Amino acid sequence: MANAKNPGGKRPHGMPTTQSIHDCVIVWLKYAEEHCPELVPLLDADPDERIEAMVEDFEDRYLGGSGTIRFPIPPKATGGVYLRYSDPNSNPRSLPQQLGICLERVVRDGVMMPWPHVFADGAITGKIAARTGYRQMKQAIEKRVCCRLYVDDSARLGRDQAEAHLFKRLLDASGCVLITIGNGIDTSQQSAALHYAISAAIDEQESRNKSHRVKRGMRDAFLQDRIVNGPCLGQRDVPLLDANGEVVINHKGRVEKQRVIDDAAAKIVREIFDRFAVKREDRTAIIADLNARNVEGGNWDDTRLRQLLKRPVYKGIEYWGMTSQVRDPETGKVTVVEHPPEEWLSRDVSHLRLVSDEVWEAAQVRLAESKSAFDSTRKNVQSGERQRAVPKRLFHLTCGCCGKPLYLGRSGKYASLCCLNGRDGKKGCTFKGYKRLSHVENSLLDHLRSEIFTKEFLERLLVEANRILDEIPESDDVELQTVKARICETEERLAELRRHLTSGEIGDIGTMVTVVREVEDTLSRLRDRERELSVKWNDDPLPMTEEFITETLDDLHGLLSKEVEAAAPILQKMLGEIIVEQREVKGSKKPQWFAKFALNGNAIVSHLTRPKDCPNSECWELPISAVWTIGEKHEVWLREVPKYEQISGRALAYKLEGRSTQWISEELGVIWKLADDAIRFAETGGRPEPEKPRKRRPRQKGSKPEPKYKSHAAEVVRLRDEKQWPFPRIARHLKIHESTATRAYDFGTHRRTRSVAVKRNRGRWQHLNPDEVAKAVSMLAAGTSVSEIAEQTSLSASTIYRLRRKQHSSRDRSEFPDNTPITV
């Protein structure tokens with residue numbers, strides 16, 4: 001259902017079903033036709049069409065419209081009726097039944113009941129006042145269009161005492177009389193106030209008692225391992241079968257259900273946990289992918305994804321009583337209240353486990369990191385904490401002057417890094433300026449691909465790793481026992497300090513907190529040492545086969561193409577701290593940025609060996625007495641690689657094939673000067689001088705004239721190909737320069753030569769006999785010498801040599817076409 005008030009077509013909460021409204025229309029029409037036919041609209045219409053029109057009128061008014069039917073004005077006092085049922089599983093005939101009972105009383109009282117004065121809500125609780133039909137009924141009473149209000153019983157109006165008393169004040173102020181059929185309330189009577197107040201209290205208490213009974217039953221059902229809630233993603237309910245294979249029927253006559261894993265949906269759950277906890281992909285990217293694939297109907301958002309990741313049922317444990325809901329009686333807004341863990345009930349549902357404990361815990365840790373880093377209530381958020389929790393950049397850079405992280409000084413398309421201290425002149429930092437984030441990341445990635453993630457580097461790394469394995473001694477049992485004893489002593493001391501801190505027996509709390517933190521740090525170091533000594537190193541060396549090196553090299557290159565959130569933590573472990581310094585470079589006006597780092601051998605070997613089940617793969621994550629760093633230091637110039645330098649290799653390769661500069665520029669999609677600079681840089685290493693700034697010419701009115709080589713291209717091609725004129729003659733004929741004529745010919749024939757992928761040939765036509773030329777070409781193909789061909793034809797030796805060079809060039813191009821990769 002969609003209209004101007006409800007463009008999305010979604011049925012609002014609380015609107016009765018169309019069938020219920022249809023049944024109410026039939027009941028009302030029967031009343032009106034018998035007792036007040038003057039209120040019936042559309043008397044000449046078909047009965048079915050009249051009913052449908054009145055249903056649409058009710059729905060339009062419920063959505064805030066003015067209705068679709070103009071009803072006759074009642075000739076005397078009118079009343080109103082309010083109908084409601086609270087549960088979607090209630091009797092679908094509840095509303096027409098209530099309306100029929102109320103209309104019987106209306107007839108006895110002699111009051112007219114127009115259809116617009118029938119107000120109703122469906123499948124909505126009476127504990128809240130934010131009900132559309134209820135509010136419309138109150139507005140009608142305020143406008144004094146209803147002299148009497150009829151309801152089946154007072155509980156239909158609501159089950160909140162405070163709202164009941166406010167509604168009673170509204171009735172008294174407007175002079176409207178409330179009549180309840182079930183419990184006999186008539187506010188026109190003297191004793192109605194007491195009767196009304198008692199009924200309101202009873203209605204609210206009855207609702208509270210019913211809620212208590214439902215919670216008690218659900219708690220007992222949970223302890224009896226029965227289903228108490230709906231299945232989540234990855235689960236489904238199926239009928240429970242007894243030992244004979246027959247369906248079990250419970251005491252209510254309903255089919256007993258059992259919960260099992262839904263294999264198709266379980267794959268999606270495992271995929272989400274793997275992408276978030278293991279591959280560390282961004283939640284936004286996961287949500288976008290799930291919606292693009294329309295997984296489970298789409299409509300994924302951050303809240304739905306976080307709720308899925310927090311469900312303990314996926315690790316085989318189910319809780320009850322973790323939260324409760326508190327509803328605002330005026331607005332209907334629900335607030336979730338979390339209960340302490342000691343009040344929870346738990347049960348084992350290992351048959352519904354979908355992920356391992358490690359993966360589930362990793363997901364919770366990452367969610368906690370994100371929540372802590374972006375918590376707006378925290379005052380002391382550490383530098384770089386948000387970048388580590390939810391990485392948006394591949395590399396975490398540190399200022400070499402003040403030691404603070406570099407932040408995004410500009411965002412958007414031209415995101416740039418800077419040091420905030422240097423920018424603002426704080427703490428004596430002299431690190432000035434901005435650097436495009438794309439230039440920084442591209443420079444570091446190019447260095448990793450070309451200098452570090454290579455076959456030679458990997459072989460040297462594995463040799464050094466095997467050497468370290470040989471030098472590490474076996475765990476010393478004596479030292480291990482000593483460390484364990486110190487851990488016990490430190491734990492006892494820490495427990496004693498915490499007891500004094502919580503009891504308030506000490507004077508200086510700040511000093512005590514500092515001591516507690518120092519003891520905690522000591523305990524953490526002792527536990528790390530215990531773990532290191534407890535490791536049993538394997539004597540098997542790391543493999544050095546060609547297959548292993550090739551596979552691990554592919555892993556390293558694949559790491560650089562992963563999502564930022566997945567690759568950033570691994571690269572941070574491998575590269576360690578990246579220090580950025582500024583340095584003067586000859587020929588540059590501004591100081592240039594240089595990044596320095598030392599590779600962490602532990603992290604690299606651990607990343608390469610873990611997925612391949614190599615010996616000692618987990619041991620490389622331990623602090624082996626100190627972090628093993630590879631000997632050489634790396635320094636990278638963080639700069640933008642000019643376009644001419646990027647295309648210099650391809651441009652030189654085309655130049656060696658005999659291509660023209662114009663053809664190269666069109667093939668590479670750049671201007672002629674850029675292609676010329678690329679060729680010169682590849683041949684000599686020389687860089688173009690920066691152009692001097694020129695005064696901007698005033699903008700000319702009208703369209704820009706077309707270049708001469710483009711406007712004359714078609715005519716130059718015609719004169720050259722059809723009339724076989726030389727370029728000097730064409731230039732004189734068209735009054736242009738000879739170079740313009742050649743460029744025009746290249747432009748005009750570019751599409752043809754590019755489609756056939758052959759060398760551009762501008763031609764050097766002479767008035768030679770075509771038959772003699774064909775004879776010479778065939779004799780050259782047969783291996784005849786040039787002198788013999790010259791004697792048997794009228795062609796000169798130089799012409800024959802030229803034909804042979806052209807023939808050899810064509811054969812070479814056929815063996816090596818243009819799409820063959822060329823390495824320079």
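The following conversation between a trainee and a mentor walks through a predicted model, taking its confidence, its sheets and its helix contacts in turn.

Trainee: Which element of the chain has the lowest mean pLDDT?

Mentor: For the chain as a whole, the mean pLDDT is 80, and 78% of the residues reach 70 or more. Among the elements, strand β3, which covers residues 148-151, has the highest mean, at 94. At the other end of the range, with a mean of 50, stands helix α29, residues 750-756.

Trainee: How many contacts beyond near neighbours in sequence does the stretch 815-824 have in the model?

Mentor: Where pLDDT is low, the predicted coordinates should not be read in detail. Over residues 753-759 the pLDDT is below 50, and that stretch has twelve contacts in the model beyond near neighbours in sequence. The pLDDT is also below 50 over residues 815-824, and there the number of such contacts is ten.

Trainee: In the sheet with the order β2-β1-β3-β4, which strands stand at the edges?

Mentor: This is an open sheet of four strands with parallel pairing, and its neighbouring strands are turned by 20° against each other on average, when direction is ignored. An edge strand has a single partner strand, so one of its sides is left without a neighbour in the sheet. The strands in that position are β2 (118-122) and β4 (177-180).

Trainee: Which residue of β4 stands opposite V151, and which helix packs on this sheet?

Mentor: Strands β3 and β4 run parallel and are joined by four bridges, and V151 has T180 of β4 opposite it. On the sheet packs a helix of residues 94-109, which touches β1 (79-85), β2, β3 and β4, and whose direction makes about 155° with that of β1. The residue asked for is therefore T180, and the helix is α3.

Trainee: What is the order of the strands in the open sheet with mixed pairing?

Mentor: The sheet has four strands, and its twist averages 35° from one strand to the next. Strands β11 (397-399) and β17 (634-638) each have a single partner strand, so they stand at the edges. Three bridges join β11 to β15 (residues 578-583), the two running parallel. The order is β11-β15-β16-β17.

Trainee: Which helix lies across β11, β16 and β17?

Mentor: The helix in question covers residues 437-452 and runs at about 140° to β17. Besides β11 and β17, the strands that this helix lies across include β16 (592-597). The helix is α14.

Trainee: Are α9 and α10 roughly parallel or roughly perpendicular to each other?

Mentor: Two packed helices are described by the angle between their axes and the distance between the axes. Helix α9 (residues 283-292) packs against helix α10 (residues 302-310) at an angle of about 105°, and their axes are 10 Å apart. R283, I286 and I287 of α9 meet D302, L305 and R306 of α10, a contact with three nonpolar, no polar and three charged residues. Since angles of 65 to 115 degrees count in this way, the two helices are roughly perpendicular.

Trainee: What is the handedness of the crossing of α22 and α23?

Mentor: The axes of α22 (residues 648-656) and α23 (residues 661-668) come within 10 Å and cross at roughly 140°, which makes α22 oblique to α23. Residues in the contact include Y654 of α22 and W663 of α23, and by class the contact divides into five nonpolar, one polar and three charged. The crossing is right-handed.

Conventions:
Residues are numbered from 1 along each chain as its sequence is written. This is a predicted model: local features need pLDDT of at least 70, side-chain atom pairs count only at pLDDT 80 or more; totals for chains, interfaces and linings use all residues. Side-chain values use heavy atoms; hydrogens and water are left out. Axes are lines fitted to C-alpha atoms, for helices over the stretch in contact, and angles run from 0 to 180 degrees between N-to-C directions. Angles under 35 degrees count as roughly parallel, over 145 as roughly antiparallel, 65 to 115 as roughly perpendicular and the rest as oblique. Contact means heavy atoms within 4.5 Å. Ala, Val, Leu, Ile, Met, Phe, Trp, Tyr, Cys and Pro count as nonpolar, Asp, Glu, Lys and Arg as charged, and the others, Gly among them, as polar. Two strands pair if DSSP finds at least two bridges between them. A crossing is left-handed if the near helix is turned anticlockwise from the far one by less than a right angle, and right-handed if clockwise. pLDDT is the predictor's confidence in each residue, from 0 to 100.
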